[in-house]
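Colleague: I am new to reading protein models, and I would love a close look at one single part of this one. Could you pick a spot and walk me through its surroundings step by step?

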Amino acid sequence: MKVVLALLLTLSSHVLSLDKLNMCMDAKHHKVEPGPEGQLYSQCSPWHENACCTANTSEEAHNDNSYLYNFNWNHCGVMSDACKKHFIQDTCFYECSPHLGPWIQEVDQSWRKERIIDVPLCKEDCESWWSDCKNDLTCKTDWHKGWDWSSGTNKCPEGSKCSKWTDVFPTPKSMCERIWSQSYVYTTYTKSSGRCMQLWFTGANPNRKVAEYYLNNSKGSQSFSPTMLLFLTVMVLTGINN
């Protein structure tokens with residue numbers, strides 16, 4: 001019986017690991033479970049086959065001062081279109097991606113119960129984001145907190161000043177890691193490596209395989225082939241019948 005219980009625990013642990021490869025975080029606008037969304041809007045459309053966002057969320061992600069978070073991209077003058085497209089893509093990634101399980105952690109915040117931390121971004125995505133924003137302005141390094149919300153939308157806090165992007169974020173690494181409170185980690189991995197998450201992609205979502213790699217190689221993780229899973233299942237059933 002002890003062997004049977006051990007095998008059951010092993011199997012259940014593996015099932016929980018598989019769940020992390022296809023799940024939605026418990027946050028403000030996320031669906032409970034991922035699934036097809038045929039009408040995702042514009043930059044969010046790559047996730048339409050399996051998404052944690054709804055069509056309405058995908059459309060609002062493209063609007064200035066949308067109802068999603070009442071966040072004002074233009075807090076230091078009008079943000080350039082080249083820069084803004086990356087923040088739209090970042091929003092689509094955050095709201096729509098079903099493969100962020102290895103990096104989801106619980107938080108005690110009024111607007112969400114879970115968030116992502118240390119998601120490894122591909123070098124190309126982070127560097128192009130920083131490059132396209134380098135001539136824009138901002139007044140803060142961490143955009144998650146510290147804003148003046150007295151008007152209902154974010155404004156630069158008293159005493160701050162708008163500065164050139166490269167003065168606030170001197171490198172792509174500093175921007176990607178600091179702007180959303182360590183949600184992302186800058187990596188030197190390229191998109192072809194299979195070791196980093198892609199904000200931008202076409203065709204089939206490449207991020208599931210990346211999530212699977214990190215899940216299987218995390219401390220204390222355990223991976224099983226389908227053959228091994230079948231063997232364990234037979235062993236469990238045999239033990240119960242005996």
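Modeller: Gladly! Let us start at Asp 136, which sits in the loop between helix H4 (123-133) and strand E4 (137-138). Please keep in mind that this is a predicted model.

What is the nearest side chain of opposite charge to Asp 136? It is that of Lys 84, 8.4 Å away, and Asp 136 is buried yet has no salt bridge. A salt bridge would need a side-chain nitrogen of Lys or Arg within 4 Å of a carboxyl oxygen, so Lys 84 does not qualify as a partner here. Asp 136 does have a polar contact, though: its side chain meets the side chain of Ser 80 at 2.8 Å. If we set aside neighbours within four places in sequence, the residues in contact with Asp 136 are Val 78, Met 79, Ser 80, Cys 83, Ser 163, Lys 164 and Trp 165.

Now let us follow Lys 84. Its side chain forms a salt bridge with that of Asp 64, with 3.1 Å from N to O. Lys 84 belongs to helix H3 and Asp 64 to the loop between H2 and H3, so this pair ties together parts that are 20 residues apart in sequence. Is Lys 84 buried or exposed? Its relative accessibility is 10%, so Lys 84 counts as buried. Asp 64, at 38%, counts as partly exposed.

The loop between helix H2 (55-60) and helix H3 (81-96) also holds Asn 70. This residue is not a glycine, and still it has a positive phi of about 55°. Asn 70 is partly exposed, its relative accessible area being 36%. You can find a positive phi again at Asp 118, where the value is near 65° and the residue is once more something other than glycine. Asp 118 is in the loop between strand E2 (112-116) and strand E3 (119-121), and with 35% relative accessibility it counts as partly exposed.

Back to helix H4, one of the two elements that flank the loop of Asp 136. Which residues of H4 are buried? They are Asp 125, Cys 126, Trp 129, Trp 130 and Cys 133. Around the axis these residues cover an arc of only 120°, which puts them on the same side of H4. A general point helps here: an α-helix has 3.6 residues a turn, so residues three or four places apart point the same way. Look next at what covers the buried residues of H4: this includes H3, E3, helix H5 (165-168), helix H6 (172-178) and strand E6 (184-186).

H4 has a salt bridge too, in which the side chains of Lys 123 and Glu 127 meet at 3.0 Å, N to O. Both residues lie in H4, 4 residues apart, which is about one turn of the helix. Lys 123 counts as partly exposed at 27% relative accessibility, and Glu 127 is partly exposed with a relative accessible area of 27%.

Helix H6, which is part of the cover over H4, holds a similar example for you to look at. There, Lys 173 and Glu 177 join their side chains in a salt bridge of 3.1 Å, N to O. Both are in H6, 4 residues apart, or about one turn of the helix. Lys 173 counts as partly exposed at 42%, whereas Glu 177 counts as buried at 12%. In total, the structure holds 6 salt bridges.

Just along the chain, in the loop between H6 and E6, you will find Ser 181. At 19% relative accessibility, Ser 181 counts as buried, since the cut-off is under 20%. Apart from neighbours within four places in sequence, Ser 181 is in contact with Arg 115, Asp 142 and His 144.

Finally, step back to the whole protein. It has 8 helices and 6 strands, and buried residues account for 43% of its 242 residues. Of the contacts between residues at least 6 apart in sequence, 65% join residues at least 24 apart. So when you return to Asp 136, picture a buried residue without a salt bridge, whose side chain makes a polar contact with that of Ser 80.

How values were computed:
Residues are numbered from 1 along each chain as its sequence is written. This is a predicted model: local features need pLDDT of at least 70, side-chain atom pairs count only at pLDDT 80 or more; totals for chains, interfaces and linings use all residues. Side-chain values use heavy atoms; hydrogens and water are left out. Buried means under 20% relative accessible area, exposed over 50%, partly exposed in between (1.4 Å probe, protein chains only). Contact means heavy atoms within 4.5 Å. Lys and Arg count as positive and Asp and Glu as negative; His and the chain ends are not counted. A polar contact is a pair of N or O atoms within 3.5 Å; within protein, one must be able to donate a hydrogen and the other to accept it, and residues adjacent in sequence count only if both atoms are side-chain atoms. The arc is that of the directions from the helix axis to the C-beta atoms.
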